[in-house]
Amino acid sequence: MNVGTIILAAGDSSRMGGGVKQLLPYKGQSLIRRITETALALQRGPVVVVLGAERAQIVPELADLPVTLVDNPNWPTGQASSLKTGLAALYLTKKEIETVLVLHTDQPLVSLGLLLHMVDVRKENGAGIVACRYGTQLGVPALFYRDYINELLQLDGDKGVQWVIVRHRSDCAEVPFEAGSIDLNSKRDIELFQQVQIQSQ
């Protein structure tokens, strides 16, 4: 099964108080480098990284990786514009995309094992959507069969992939991923997260 991956990394760092969220360090890597290398390790198809507000700072971090970097000048309008930009770039890269995987930069515990498991779930039960569950939420990482691409393209403003997932719960397989609720938006978030990691060892 070929998988086109879109990493949404166009947002600004308004809650950072200085610095770039996508470049926050975790275990010796920036968040954007970490999620991009994880996506590449899946080895199932092209990887597109959608940039916007912090493009100039992020590009050097990924310059040596075999990914497609695309700029979304409309990033302030919301996540939907970045998703559309990523889908267009995937289509230009490889028209025969069977499934689309959507990732965010601020979930540090997304692993290759998780992504491989999602692909296996899609193969085994044929669900059109495979989404991760954390708490009461279903969201990214999320995998969409190509039948849903047109619907993803209809999203606008701040509507993310969750809108499509909720509308099609009967065609959505759930993968438990409680660590998906960890959302790193500031240096303080990183510090608190690292303290919890140390305490749990």
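How many residues lie between β7 and β8 in their hairpin, and which residue in the turn has a positive phi? In this predicted model, the two strands form a hairpin with 2 residues between them, and the residue in question is G135, whose phi is about 65°.

**The sheet**

The hairpin belongs to an open sheet of 7 strands, arranged in the order β5-β4-β1-β6-β8-β7-β9, in which the pairing is mixed. The edges are occupied by β5 (68-71) and β9 (172-176), and since each of these has a single partner strand, one side of each is left without a neighbour in the sheet. From one strand to the next, the twist averages 25°.

Strand β8, which spans residues 137-145, has 8 of its 9 residues buried and is therefore largely enclosed by the rest of the structure. On one side β8 pairs with strand β7 (residues 129-134), the two running antiparallel and joined by 6 bridges; within this pairing, R133 has L138 of β8 as its bridge partner. Strand β6 (residues 99-104) also pairs with β8 in the antiparallel sense, here over 4 bridges, and L101 stands opposite L143 in β8. Towards the β5 edge, strand β4 (residues 47-51) runs parallel to β5 and is joined to β5 by 4 bridges, with V50 standing opposite V70 in β5.

**Helices across the sheet**

Two helices can be described by the strands that they cross. Helix α1 (residues 31-41) lies across β1 (3-9), β4 and β6, and runs at about 175° to β1. Helix α4 (residues 112-125) lies across β1, β6, β7, β8 and β9, and its direction makes an angle of about 60° with β8. The enclosed strand β8, with 8 of its 9 residues buried, is thus among the strands that α4 lies across.

**Salt bridges**

The model contains 6 salt bridges, among them the three listed here.

| Side chains | Distance, N to O |
|---|---|
| E37 and R33 | 2.7 Å |
| D64 and R33 | 2.7 Å |
| R169 and E174 | 3.4 Å |

R33, E37 and D64 are linked in a network of salt bridges. Within this network, E37 and R33 both belong to helix α1, where they are 4 residues apart, or about one turn of the helix. The contact between D64 and R33, at 2.7 Å from N to O, reaches outside that helix. Because D64 lies in the loop between α2 (55-62) and β5 while R33 lies in helix α1, the pair ties together parts that are 31 residues apart in sequence.

The members of the network fall into separate accessibility classes. R33 has a relative accessibility of 16% and so counts as buried, a class that requires a value under 20%. E37, at 30% relative accessibility, counts as partly exposed, whereas D64, at 56%, counts as exposed.

The remaining listed pair, R169 and E174, meets in a salt bridge at 3.4 Å from N to O. R169 has a relative accessibility of 44% and therefore counts as partly exposed, and E174, at 38%, likewise counts as partly exposed. E174 falls within the residue range of the edge strand β9 (172-176), which has a single partner strand.

Conventions: Residues numbered from 1 in each chain as written. Predicted model: local features only at pLDDT ≥ 70, side-chain atom pairs only at ≥ 80, totals over all residues. Heavy atoms only, no water. Buried < 20%, exposed > 50% of the residue type's maximum accessible area, 1.4 Å probe, protein only. Pairing = 2+ DSSP bridges. Axes fitted to C-alpha atoms, helices over the stretch in contact; angles between N-to-C directions. Contact = heavy atoms within 4.5 Å. Salt bridge = Lys/Arg side-chain N within 4 Å of Asp/Glu carboxyl O.
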